[in-house]
Amino acid sequence: MPRQLRVVRKSLGLTLLTLLASSAFLRASAPARHWPSAGRFAGVSADTLTMPVVLKNISTVPGTVEVNLSAGPARLALLPGHVTNAYAYNGSVPGPTLEVHEGDHVIIHFHNDLPEPTTIHWHGLHIPAAMDGSPLRPIGAGKRYDYVFTIPRGSAGTYWYHPHPDVRTGYQMAMGLFGAIIVRDPKDPLPASLPEKLLVLSDNRFKPDGSPDISDPNSTQGEIDQENGREGNVLLVNGQLSPVINIRSGETQRWRVINVSAARIYRLAIPGQTLLHVGDDGGLFERPREVNDILLANSERLELLVRGTRPPGSRASLQTLPYDRYDPHTRPESWDVARDLLSLRYVDASSQPSPALPSRMRTVVPIDTTHVLHHRVLVLSQGLINGRTMDMNRVDIRSRLGATEIWQIENVVTMDHPFHLHGFQFQILDRDGVPEPYRSWKDVVNVRKHQTVRVVVRFDDFPGKWMFHCHILDHEDHGMMGILEIQPPRPRRKS
Ligand code: C2O
Ligand code: CU
Ligand code: CU
């Protein structure tokens with residue numbers, strides 16, 4: 001049965017791909033209505049790292065952020081220097097950053113200018129199910145939708161948005177649709193004077209003309225992509241190739257890093273110095289952790305402090321070190337090579353001493369596990385969760401509002417699967433029985449080959465249907481996903 005379903009989904013994907021490929025071709029040769037010729041270049045090589053623009057707030061009401069956001073075809077360089085047909089949010093790749101504060105009321109007037117259905121998923125945000133942009137609520141070509149939600153208190157951190165249509169997420173993201181979300185805390189414990197950088201890490205594979213090379217699912221490469229997840233040989237930061245970040249000797253910078261890659265896992269390091277890892281998916285930790293390198297699976301985020309420990313005139317680079325997430329049969333040949341992502345250029349020494357950093361940043365209250373309503377086991381195998389592929393008309397897990405649950409996620413195969421739950425952030429209890437060394441809020445956990453991870457989650461709000469899935473986009477699009485339904489509490493019996 002799952003096998004059959006998989007085949008059906010595969011051929012459906014193929015039909016859609018063929019349809020889109022032909023319509024994209026038609027549009028490319030048509031006048032510039034659908035593929036505007038203007039547009040900002042996504043990348044400028046060997047240049048200073050530029051930040052994506054911030055979405056303009058058109059509201060004058062305090063505590064309200066109201067923005068216009070469209071997804072549409074654009075002519076721009078996904079591969080720096082090669083203008084091609086792409087998809088973009090408001091004409092740029094990455095899309096503009098949505099910057100909000102805890103407690104803000106957010107209104108996003110979304111317009112789908114794409115020649116196909118899409119959604120916007122606000123990855124990691126705790127908001128009502130109708131606003132989640134899941135595949136259950138597609139927005140047709142040419143249609144509009146207002147996403148309206150409130151940013152919960154205590155959720156300051158780095159998030160991101162991306163399309164989440166049925167079967168087409170990988171394609172639409174490879175074409176350029178992704179953007180960052182920054183939720184700010186009015187009482188951020190880190191000094192406001194730390195220079196802040198946003199790094200959106202993506203990878204892509206290109207044809208000689210600079211258009212994304214998306215393999216035919218029936219080709220050998222297509223089969224490898226479906227297994228491994230599509231990895232590109234070109235690594236980009238904010239759409240730029242090997243950009244430069246300037247730093248002063250003695251200065252400390254705060255970096256927010258988002259991995260929007262379809263499948264690539266980064267192991268970030270600046271060789272020769274340690275990093276202060278201060279936060280992940282759901283914001284800051286209780287205390288900074290000093291580390292040599294940090295693993296960042298696809299769709300995860302992290303915050304780190306980079307200290308300018310070298311003299312003026314020196315250089316360093318942010319690298320991704322080898323990390324073996326692969327099945328041995330489809331592991332790429334060059335997997336064990338470190339790659340440069342960007343370089344750090346030391347300019348003159350800082351005249352001011354770097355502000356003191358707090359040793360304790362905030363309290364991450366542990367989820368109370370004294371009353372756990374359900375213990376569940378989720379088995380991840382290749383392309384399947386508990387032996388099944390996604391069915392939009394099936395509910396895989398039923399729970400109720402207010403429930404605390406422990407999910408034991410078991411990976412029984414020989415490659416990593418980053419597991420993601422929509423709508424609710426969880427806390428990691430242990431991995432293969434080893435207690436997690438620090439507490440944090442997560443919405444993705446990379447479950448390594450043959451590893452078992454236990455997480456605890458509380459469904460404190462927002463009944464409805466929520467996706468959980470592997471965030472390797474090729475796996476997700478082929479149905480490595482399920483549905484959690486949270487029902488309102490049973491009405492109390494009157495006595
Ligand atoms: Cu970023 Cu359903 O995912
Ligand atoms: Cu999500
Ligand atoms: Cu997977």
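A residue counts as buried when its relative accessible area is under 20%. That cut-off is used in the legends below, which describe a predicted model.

**View 1. Ser343 is a buried residue of strand E19.**
Ser343 has a relative accessibility of 15%, so it counts as buried. Its strand is E19. What does Ser343 touch, leaving aside residues up to four places away in sequence? The partners are Pro243, Val244 and Ile245, together with Arg315, Ala316 and Ser317. Now compare sequence with space. Ser343 and Arg398 are 55 residues apart in sequence. Their C-alpha atoms lie 48 Å apart.

**View 2. Arg345 is a partly exposed residue of strand E19.**
Strand E19 covers residues 339–347, and Arg345 is found there. Is Arg345 buried or partly exposed? Its relative accessible area is 31%, so Arg345 is partly exposed. Setting aside residues up to four places away in sequence, Arg345 touches Thr48, Val244, Ile245, Asn246, Ile247, Ser314 and Arg315. Val244, Ile245 and Arg315 also touch Ser343. Arg360 is 15 residues from Arg345 along the chain. Between their C-alpha atoms the separation is 30 Å.

**View 3. Three residues coordinate the copper ion (ligand 3).**
Which residues hold this ion? His417 gives ND1, Cys470 gives SG and His475 gives ND1. These atoms sit at 1.9 to 2.1 Å. The spacing of the donor residues in sequence is H-x52-C-x4-H. The two histidines come from distant parts of the chain. His417 is in strand E24 (residues 417–421). His475 is in helix H4 (residues 473–477). The pair is 58 residues apart. His417 has a relative accessible area of 0%, so it is buried. His475 is buried as well, at 3%.

**View 4. Two histidines are the protein donors of the copper ion (ligand 2).**
His121 and His420 each offer NE2 to this ion. Both donors lie 1.9 Å from the copper ion. His121 lies in strand E5 (residues 121–123) and His420 in strand E24, so the pair ties together parts that are 299 residues apart in sequence. Are His121 and His420 buried or exposed? Both are buried. Strand E24 also holds His417, a donor to the copper ion (ligand 3).

**View 5. Helix H3 carries buried residues and is followed by Gly229.**
Helix H3 runs over residues 220–228. Which residues are buried in this helix? They are Gly222, Asp225, Gln226 and Asn228. Just after H3 comes Gly229. The phi angle of Gly229 is positive, at about 90°.

**View 6. The whole protein sets the scene, with 4 helices and 30 strands.**
The chain has 495 residues, and a compact globule of that length would have a radius of gyration near 23 Å. The protein has 22 Å, which agrees. Its C-alpha atoms fill a box of roughly 70 × 65 × 55 Å along the principal axes. How much of the protein is buried? The share is 56% of the residues. Of the contacts with a separation of 6 or more, 78% come from residues 24 or more positions apart. The accessible surface is about 20,400 Å². Carbon and sulfur atoms make up 54% of that surface. The protein has 54 positive and 51 negative charges. The mean positions of these two sets are 3 Å apart.

How values were computed: Residues numbered from 1 in each chain as written. Chains lettered and ligands numbered in written order. Predicted model: local features only at pLDDT ≥ 70, side-chain atom pairs only at ≥ 80, totals over all residues. Heavy atoms only, no water. Rg over C-alpha atoms; globule rule 2.2 N^0.38 Å. Buried < 20%, exposed > 50% of the residue type's maximum accessible area, 1.4 Å probe, protein only. Contact = heavy atoms within 4.5 Å. Areas by Shrake-Rupley, 256 points an atom, 1.4 Å probe, with all protein chains shown as cover. Lys, Arg positive; Asp, Glu negative; His and termini not counted. Charge placed at Lys NZ, Arg CZ, Asp CG, Glu CD. Donors = N, O, S within 2.8 Å, 3.2 Å for Na, K, Ca; no water.
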